[in-house]
There are 2 protein chains.
Amino acid sequence: MTTSLPLDHSGMGVLSRDECYDRLRSARVGRLAFVSDGDPVILPVNHGVDGESIVFRTAPGSKLLAGDSELRVAFEVDGYDVDRRSGWSVLVRGTASTVEDVGEIRRLNRIGVWPWADLVERTYWIRIACYSVTGRETVHPAR
Amino acid sequence: MTTSLPLDHSGMGVLSRDECYDRLRSARVGRLAFVSDGDPVILPVNHGVDGESIVFRTAPGSKLLAGDSELRVAFEVDGYDVDRRSGWSVLVRGTASTVEDVGEIRRLNRIGVWPWADLVERTYWIRIACYSVTGRETVHPAR
C-alpha cells in the first residue's frame, strides 16, 4: 500500500500512469462497461494489454459486436483487502473496435490471453484504444 | 462451484435470482457504471442490499449526483479463482436516485455500510431500484 500518494478532491490517492499500466497488466480479470439499448451494462472479461491498448476475445453475436463499430467503453480493474478496508481501481476510458487485420489477429492469438469461459469459441478480438487511464487507491488517516 | 447450472447462449451457467441476491449481499465491493458526459464510466463502491435494491453512500459533488436525478445505471459484483480459471458475476440494471426522506436516511445510516474511502464524508445515500438482476458463472467441460 503506497502511503505518500497525491490525493484527489474525494480523498483518494492518485496512481501514476505507469502504476495504472502495471496493475492493468497484472490483473487477470477486468470489467467492461458499454451502453446497450440506451443503458449501461458491465461484463467481466479476461483481458490483455497490447502496447497502450486493452485487448480481449469475444464471440460472434456478442452485445458488443452488435453495437457500433466504434463504441465508447469503460474498462476497470481493481483489487481490495477486506480486513484493511482498502482497495484500488484503475479506470480506462476508450473506444472499442473489432480487430480486422489478419496479421494482427494472428499476433494477438499468440499473446496468451484465453477466456476462462471456454464452452463457446471466442474468435474475435476487440481492441480498446484508451484516451484516459486513471487510478485511485484508498488512503486512511494516520492512526 | 455449482456444476448443474442451466447454460446461456454463450456457454455460461445461469445463476438463480436468489443466488444473485445472496452474492450481492455477501460482496463487500461492487462496481457502478453510468454515463457521464456521454461516455460510460465505472467506479467501485462499498454497497449494501436493502430489500431488493442496492444502496451506497456518496459525497456531495459526486459525478453521480451531478447527473440526472433518475439515472440509469449498472451495478456488478464478481468473484474469481485464477488457479481454476473460474469466476462468476452478478449484473444489476436499474435506476439510481438520491434518498431524500430523512427517516429513510436515518434507517440506512444504521445498516452498517461504511465506505472504505473515508477521508471525505459521504453523507448522501443513493438507491438503485433494480429492474434486472442476472448472474453468470463459468462452467468448464468435464475433463
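1. A word on terms before we start: a residue is called buried under 20% relative accessible area, exposed over 50%, and partly exposed in between, using a 1.4 Å probe and protein chains only. Helices (H or I, at least four residues) and strands (E, at least two) are DSSP runs, numbered from the N terminus. Please keep in mind that this is a predicted model, in which local features need pLDDT of at least 70 and side-chain atom pairs count only at pLDDT 80 or more, while totals for chains, interfaces and linings use all residues. Residues are numbered from 1 along each chain as its sequence is written, chains are lettered from A and ligands numbered from 1 in the order in which they are written, and side-chain values use heavy atoms, with hydrogens and water left out.

2. A good place to begin is strand S2 of chain A, residues 30-36. Of its 7 residues, 6 are buried, so S2(A) is largely enclosed by the rest of the structure.

3. Next, the partners of this strand; two strands pair if DSSP finds at least two bridges between them. S2(A) runs antiparallel to strand S3 (residues 39-45) of chain A, with 7 bridges, and here A:Phe34 sits opposite A:Val41. The two strands make a hairpin with 2 residues between them, and A:Asp37 in the turn has a positive phi of about 55°. S2(A) is also joined by 3 bridges to strand S6 (residues 71-81) of chain A, again antiparallel, where A:Ala33 faces A:Ala74.

4. Now have a look at helix H1 of chain A, residues 17-26. Its buried residues are A:Cys20, A:Tyr21, A:Arg23 and A:Leu24. They span an arc of only 165° around the axis (taken from the directions from the helix axis to the C-beta atoms), so they lie on the same side of H1(A). On the other side of H1(A), A:Asp18 and A:Ser26 are exposed.

5. A:Thr123 deserves a visit too: this residue is in the loop between helix H3 (102-108) and S8 of chain A. Its relative accessibility is 43%, so A:Thr123 counts as partly exposed. A:Ala59 is 64 residues away in sequence, yet 5.9 Å away in space, C-alpha to C-alpha. Beyond neighbours within four places in sequence, A:Thr123 is in contact (heavy atoms within 4.5 Å) with A:Thr58 and A:Pro60.

6. Finally, the two chains. Chain B superposes on chain A by a rotation of 180° with 0.0 Å of shift along its axis, at RMSD 0.0 Å (a least-squares fit on C-alpha atoms of residues with pLDDT of at least 70 in both). The two copies are thus related as by a two-fold rotation axis.
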